[in-house]
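Here's a quick tour for the bench: a metal site, the cores, and a few backbone oddities. Have the structure open as you read.

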Amino acid sequence: MNKEEEALALAAEDNQIPAFARGPRAKAAFVILVRNSDLQDMRKTLREVEDRFNRNFNYPYVFLNDEPFTEEFKTYTQSLTKAECKYGLIPKEHWSYPSWIDQTRAKEAREDMKRRKIIYGGSESYRNMCRYESGFFYRHPLMLEYDYYWRVEPGVHFHCDIDFDPFMYMQTHNKTYSFTVSLYEYVDTIPTLWKTTKDFMKKHPEHIAKDNSLGFISNDNGATYNLCHFWSNFEIASTKFLRSPAYSDYFDYLDQAGGFFYERWGDAPVHSIAAALFLPRDKIHFFNEIGYTHSPFTHCPVSEELQRKCHCNPKDNFDDHGYSCTKRWLSQNW
Ligand code: GDP
Ligand code: MN
């Protein structure tokens, strides 16, 4: 038995672990990209993750940052959990301009998008963040041992008791990607993403899955993108998928095209388009049970049974809102 298994066995004997949390475990971790300055929001979110789920399961946390974590950050995060916390520094090559990017053009694009008041349009760090979340976090040395990750951000909320293991759910039901909130992207942040994606599909037809979800993201059989995407600030998904030839080829192709810098491509549409095209649709899962808020949107399970485990107001549930794509996903009718 390794250290982690020993601790779990002891806690189980002590009846500290409820029966639902005693089954087999996945090779999985939380992954949190975060700045030192986000410590206070981070603590609140960790408290909720622990109370609602992880105090019973003790999955490890991997914190990632483009700057070294402070001792203060490490102390006041690790002190909220019995689970192991790991703190990683992002290598410079994963958080800077690749050689082929024209930095003058990138700067002009930022200035133009700032003038047009596009959200985060003028931000360089936001672009590095979106590119990192699109193409690199799952390749960080601290992430290599895991088959599944659960992405968390400082400031998000979890509203319901999660008295099952979502990682094991993914594993035993053969799911690859999951979400709680879906919505439409701002078109001004991705003007050429779909054209670039179509070029990629032509070049790599071998990566397109049979029975994919193209119909979820396009209303005209692929001619245009309808802007629907899974909101990637919450994700429970397979690291093997992100490391697969299909996803790797796709990310490299997008990265070469430069839209992370010349436009402001988000990791949410990138992950979502990849999941929709490279996976059969039954590998994508909607976690209705996981009540979740990332401001300003909430997924709140509305059934009486689930409401008993939650503290969110069902009236705040975004699923049926006109700006949500979840009804479209659930209809599976495209
Ligand atoms: P939004 O959700 O699109 O409004 O973007 P956020 O500001 O929440 O950023 C997304 C994620 O990246 C969050 O987990 C942030 O903590 C993290 N993040 C954003 N910018 C930076 C940065 O410059 N450095 C680090 N280390 N994390 C960042
Ligand atoms: Mn956020």
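Let's start with Val156, which sits in the loop between β4 and β5. Keep in mind that this is a predicted model. At 1% relative accessibility, Val156 counts as buried because the cut-off is under 20%.

**Around Val156**
- Setting aside neighbours within four places in sequence, Val156 touches Thr45, Glu48, Tyr292, Thr293 and His294.
- How far apart are the C-alpha atoms of Val156 and Thr197? They are separated by 31 Å, with the two positions 41 residues apart along the chain.

**The manganese site**
- Which protein residues act as donors to the manganese ion (ligand 2)? They are Glu153, through OE, and His294, through NE2, at 2.0 to 2.2 Å from the ion.
- This pair ties together distant parts of the chain: Glu153 is in the loop between β4 (148–151) and β5 (157–158), His294 is in strand β11, and 141 residues separate them.
- Glu153 has a relative accessible area of 19%, so it falls under the 20% cut-off and is classed as buried.
- There's a link back to the opening residue here: His294, one of the two manganese donors, is also among the contacts of Val156.

**The nonpolar cores**
- As a rule, nonpolar side chains in soluble globular proteins tend to be buried together.
- In this model the largest nonpolar core has 58 residues, and Ile217 and Tyr250 have the most contacts inside it.
- Helix α12 (residues 267–278) is the top contributor to that core, giving seven residues.
- Apart from this core lies another one of 42 residues, including Phe63, Phe69, Met170 and Phe234.
- Beyond its neighbours within four places in sequence, Tyr250 is in contact with Leu193, Thr197, Phe200, Val270, Ile273, Ala274 and Phe278.
- Thr197, then, turns up twice: as a contact of Tyr250, and as the residue whose C-alpha is 31 Å from that of Val156.

**Backbone oddities**
- Where is the cis peptide bond involving Pro296? It runs from Ser295 to Pro296, with omega near 5°.
- Pro296 itself belongs to the loop between β11 (292–294) and β12 (297–299).
- Asn58 isn't a glycine, yet its phi is positive, near 55°.
- Asn58 lies in the loop between α2 (39–57) and β2 (61–65), and it counts as buried because its relative accessible area of 13% is under 20%.
- Asn174 also has a positive phi, near 60°, and is placed in the loop between α6 (166–172) and β6 (177–179).

Definitions and conventions:
Residues are numbered from 1 along each chain as its sequence is written. Chains are lettered from A and ligands numbered from 1 in the order in which they are written. This is a predicted model: local features need pLDDT of at least 70, side-chain atom pairs count only at pLDDT 80 or more; totals for chains, interfaces and linings use all residues. Side-chain values use heavy atoms; hydrogens and water are left out. Helices (H or I, at least four residues) and strands (E, at least two) are DSSP runs, numbered from the N terminus. Buried means under 20% relative accessible area, exposed over 50%, partly exposed in between (1.4 Å probe, protein chains only). Donors are N, O and S atoms within 2.8 Å of the metal (3.2 Å for Na, K and Ca); water is not among the atoms, so sites may look incomplete. A nonpolar core is a set of buried Ala, Val, Leu, Ile, Met, Phe, Trp, Tyr and Cys residues joined through side-chain atoms within 4.5 Å. Contact means heavy atoms within 4.5 Å.
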